[in-house]
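Reader: I'm new to this one, so could we go through it together, one question at a time?

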Amino acid sequence: MQETQATALKTEKPKSRFPKSVPYIIGNEAAERFSFYGMRSVLTLFLVNQFFNPTDNPALTDQANAHANKLHHLFVMVAYALPFVGGMIADWFTGKYKLILYVSIIYCIGHVMLATFDGGLTGFEFGLLVVAIGAGGIKSCVSANVGDQFDATNQDLLSKVYGWFYFSINAGSMLSTVAIPWTYEHFGPKWAFGIPGVLMALATIIFFAGRKMYVKVPPQGVNRNNLVFITWYALTNQSKRKKGESFLDVSKNNFDPERVEGIKAVYRVMTVFFFALAFWAVWDQCLSEWTLYAEKMDRVINLGFAKFTIYPGQLSTFNTVFLLMFIPLFNYVIYPWLDKRGLKTTPLRRLGAGLFLTILSFVVIGVIHTNLDHGGSPSIWWQVLAFLILSAAEVLVSITGLEYAYTHSPKSMKSTMTGIWFLVVSFGNLITAVVNGLIEGGGWWATTLKGANYEWFFVGFIAIFLIIFIIVSPKMKERNYITNPVVDGEVAANSNQP
């Protein structure tokens, strides 16, 4: 009996423990997100009021707003284009720890420049570029660094830690979008941009403090079996392609056949991502254009037992609140309810529904803008309604898009797909930046998209994407790598078949 108990004690699995590095990673992320969303919450208003239309001249309003919006969206474009590059640099040359630490220091310098050059546009624009490089450079590495801290002994705790990780993102952004607009109104831009800089410095200190706790995965050197090398080889060697081979099959002569098949999966997913481009072309407007409209609206919130005025930059807080409500609501109530009634909520259907809701949110904003154009002062609750609809669309498009990328790409391509998803966000903001640049330049675009016509343009823009999506989505080839995975060697074997 005693021997049996002893054997059981020996074979009993030890209790999983959280890595000691986790608190440092979560603290770093909360402070960094505070800095990023805090400065963005007042960025567009500051640019208009400080540089482009400080006298509030009605004749300059459209061009000034367009100029500020263009800079804001160019900033986001750079910040979301660089995670793909930062991830490759970390994997090939520096490792995640060094890249996060060194680029975080650059990030801090950018914040210092924003607070210092609040009276000079050239210096401020350069500060924006430096902040964008910092935010984008570390973005893909920070979340991947979470997974590196776990091994087979505590893998079961990974989902819980990622839950806390994403909670820290929302907590940091929520606190900043409440505090920084208030700071801007009461203490001016130096403090409004300086405090996010202090938080970014704190984020860097927290990250550095945990340096002895991290599992540091060393860089692996340049990996030729990636999307860039394989695609380039295929482009430049089409003369070697045999009859019946696809565009990328020619690369199997020089690269791992399984990786080539993985790249094919990436391009299949990218056809779905193309339609998400319409969503990302407009989503970030809730942090730029919408704040300009909010400034002219009736922002008094009367709850009966309390009455207060909300600042324009604080409106985006509703997005975070609605997301925290909608994510469990959709996952545990709406999707199961529809599935039970035979309306299977496939990722493609969710994406289509999300695009429709995005259109609806911009219809609401278009009505608001029309009212403002006619001298009205609509209640801020109308913009809250637009945030509610857009947040539901975000759950359907953004979360579904990330899930689709994960389930429809092989294991070797999952990090690549995350980087490409960020590139979609980047290109979406580029579209909006270009439109605002055309308006800023005057002429036909400025006349045609004057006032609320701006919103109706984007309503039509998304509607075109939605109509094309409805037509082509039934014909899209799909492969779920979770329910139908590729086994090692299968692709290589199949590639030899005629």
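**A first look**

Author: Sure, and let's start inside: Asn436 counts as buried, since its relative accessibility is 2%. Keep in mind that this is a predicted model.

Reader: Which element does Asn436 sit in?

Author: Look along residues 414-440, which form one helix. Asn436 has its place there, so to speak, in helix α14.

Reader: Which residue shares a polar contact with the side chain of Asn436?

Author: Leaving out residues up to four places away in sequence, Asn436 touches Ala66, Asn69, Lys70, His73, Glu289 and Tyr454. A polar contact of 3.0 Å links the side chain of Asn436 to that of one residue, and that is Tyr454.

Reader: How many disulfides does the structure hold, and what about Cys108?

Author: A disulfide is a covalent bond between the sulfur atoms of two cysteines. The structure holds zero disulfides. Cys108 is in none, and the nearest cysteine sulfur to it, that of Cys141, is 16 Å away. So the count you asked for is zero.

Reader: Why is Cys141 not bonded to Cys108?

Author: To count as a disulfide, two cysteine sulfur atoms must be within 2.5 Å. The closest cysteine sulfur to that of Cys141 is in Cys108, and it is too far for a bond because the distance is 16 Å.

Reader: Are Cys108 and Cys141 buried or exposed?

Author: Buried means under 20% relative accessible area. Cys108 has 14%, and Cys141 has 2%. So Cys108 is buried, and Cys141 is likewise buried.

Reader: Which element supplies the largest share of the lining of the second largest pocket?

Author: That pocket has a volume of about 710 Å³. Of its 29 lining residues, the closest to the centre are Thr61, Asp62, Asn65, Lys296 and His369. At least two lining residues come from each of α2, α3, α10, α12 and α14. The largest share, six residues, comes from α3.

Reader: Which element has the lowest mean pLDDT?

Author: Across the protein the mean pLDDT is 90, and 93% of residues reach 70 or more. Helix α7 (residues 189-209) has the highest mean among the elements, 98. Over residues 487-498, though, pLDDT stays under 50, and the model has 11 contacts beyond four places in sequence for that stretch. The lowest mean, 40, belongs to residues 490-495, helix α17.

Conventions. Residues are numbered from 1 along each chain as its sequence is written. This is a predicted model: local features need pLDDT of at least 70, side-chain atom pairs count only at pLDDT 80 or more; totals for chains, interfaces and linings use all residues. Side-chain values use heavy atoms; hydrogens and water are left out. pLDDT is the predictor's confidence in each residue, from 0 to 100. Helices (H or I, at least four residues) and strands (E, at least two) are DSSP runs, numbered from the N terminus. Contact means heavy atoms within 4.5 Å. Buried means under 20% relative accessible area, exposed over 50%, partly exposed in between (1.4 Å probe, protein chains only). A polar contact is a pair of N or O atoms within 3.5 Å; within protein, one must be able to donate a hydrogen and the other to accept it, and residues adjacent in sequence count only if both atoms are side-chain atoms. On a 1 Å grid over the protein atoms alone, a cavity is a set of points where a 1.4 Å probe fits but cannot get out, and a pocket is an open set with protein on both sides within 12 Å along at least five of seven lines; lining residues have an atom within 4 Å of a point. Grid points are joined across faces, edges and corners, and a volume is the space filled by probe spheres set on the points.
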